[in-house]
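Colleague: I have a few questions about how the elements of this model are described. Can we go through them one by one?

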Amino acid sequence: MAEKMALAKAITESLRRAMDTDPKVLVMGEDVGKLGGVFRVTDGLQKDFGESRVIDTPLAESGIVGTAIGLALRGYRPVVEIQFDGFVFPAYDQIVTQLAKMHARALGKVKMPVVVRIPYGGGIGAVEHHSESPESLFAHVAGLKVVSPSNAADAYWMMQQAIQSDDPVIFFEPKRRYWDKGEVDTEAIPGPLHTARVVREGTDLTLAAYGPMVKLCREVADAAAEEGRSLEVLDLRSVSPIDFDSVQASVEKTRRLVVVHEAPVFFGSGAEIAARITERCFYHLEAPVLRVGGYHAPYPPARLEESYLPDLDRVLDAVDRSLAY
């Protein structure tokens, strides 16, 4: 039966179900226990499962991930919370040189069922190091899966699938969407973790996005419809691997593509999508693949972030430029 819940609550309930189902699932991170996390995503879990399974760690991201790797070697399935996106970099060495490579280093004999949860993105008026979008830094690393849900139902089921994965998953949670509510059917049969999904049908142009930008793209499609333009919105859901087959199928229908993400456009995930779709769909495209994203600059102070982040007008401008070819 479907229940309406916020995206953050959906993650909470997904963690609760996973911990109920498998005693080897642990939750670790700064303030995840008694406080329930700064966004209250782990609220109530320590009370229900105890301090041995919901562990308040020191402020030491490298140590948190390193400990999770050791636990995974011992058969556990740790779910690690990095409190904010900009705090992940002390753990980057552990993630890239150990977590991502352990399976290959052991010739497939060692599994690394670790989930690293990272609230990411802007739009909440936060200070420096609290609004980053570093997903491309992880997508570039072989051995890591990188995903980002855009809605409550996906947050619930993608977390379940990430925890069940025997490979490490970097789970980017769009913090500005934490309080957006949606229907979650906890008895549904979810689709594959890394499959993109068309969330709005269209014929004139494809908007491809993931995480926080999917909602914006749906709003862009609504605005374009008032001018007689039919835009298809494709929720990528996964940044590594990317479901290029679904992107290709949409572009072969609409013949135009605009990729939208909060991360800087320069060397962002949109660049790989643009290159790959240009190779695959060269004879179908009627315009170059365009990208809308953040600027190649440090994330600005809160008072300026609305000028930095992609918005309705910037995406509509890209739509206009594409349709003008």
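Colleague: What makes the crossing of H8 and H12 right-handed?
Modeller: This is a predicted model. A crossing is right-handed if the near helix is turned clockwise from the far one by less than a right angle. H8 passes H12 that way, in a right-handed crossing.

Colleague: Which residues make the contact?
Modeller: From H8, Leu216, Glu219, Val220, Ala223 and Ala224. From H12, Leu312, Val315, Leu316 and Val319. By class, that is eight nonpolar, no polar and one charged residues. Glu counts as charged.

Colleague: Why are H8 and H12 called oblique to each other?
Modeller: H8 (residues 213–225) and H12 (residues 312–323) pack at about 60 degrees, with axes 10 Å apart. Roughly parallel needs an angle under 35 degrees, and roughly perpendicular needs 65 to 115. The angle of about 60 degrees fits neither, so the pair is oblique.

Colleague: What makes S9 and S14 edge strands?
Modeller: Each pairs on one side only. The open sheet has the order S9-S11-S10-S13-S14, with mixed pairing.

Colleague: How do you know that S13 and S14 pair?
Modeller: Pairing takes at least two bridges. Four bridges join S13 (residues 257–264) to S14, and the two strands run parallel. In one of them, valine 259 has arginine 291 of S14 as its partner.

Colleague: Where does H12 lie on the strands?
Modeller: H12 lies across S10, S11, S13 and S14. Its angle to S14 is about 165 degrees. Over 145 counts as roughly antiparallel, so that label applies to H12 and S14.

Methods: Residues are numbered from 1 along each chain as its sequence is written. This is a predicted model: local features need pLDDT of at least 70, side-chain atom pairs count only at pLDDT 80 or more; totals for chains, interfaces and linings use all residues. Side-chain values use heavy atoms; hydrogens and water are left out. Axes are lines fitted to C-alpha atoms, for helices over the stretch in contact, and angles run from 0 to 180 degrees between N-to-C directions. Contact means heavy atoms within 4.5 Å.
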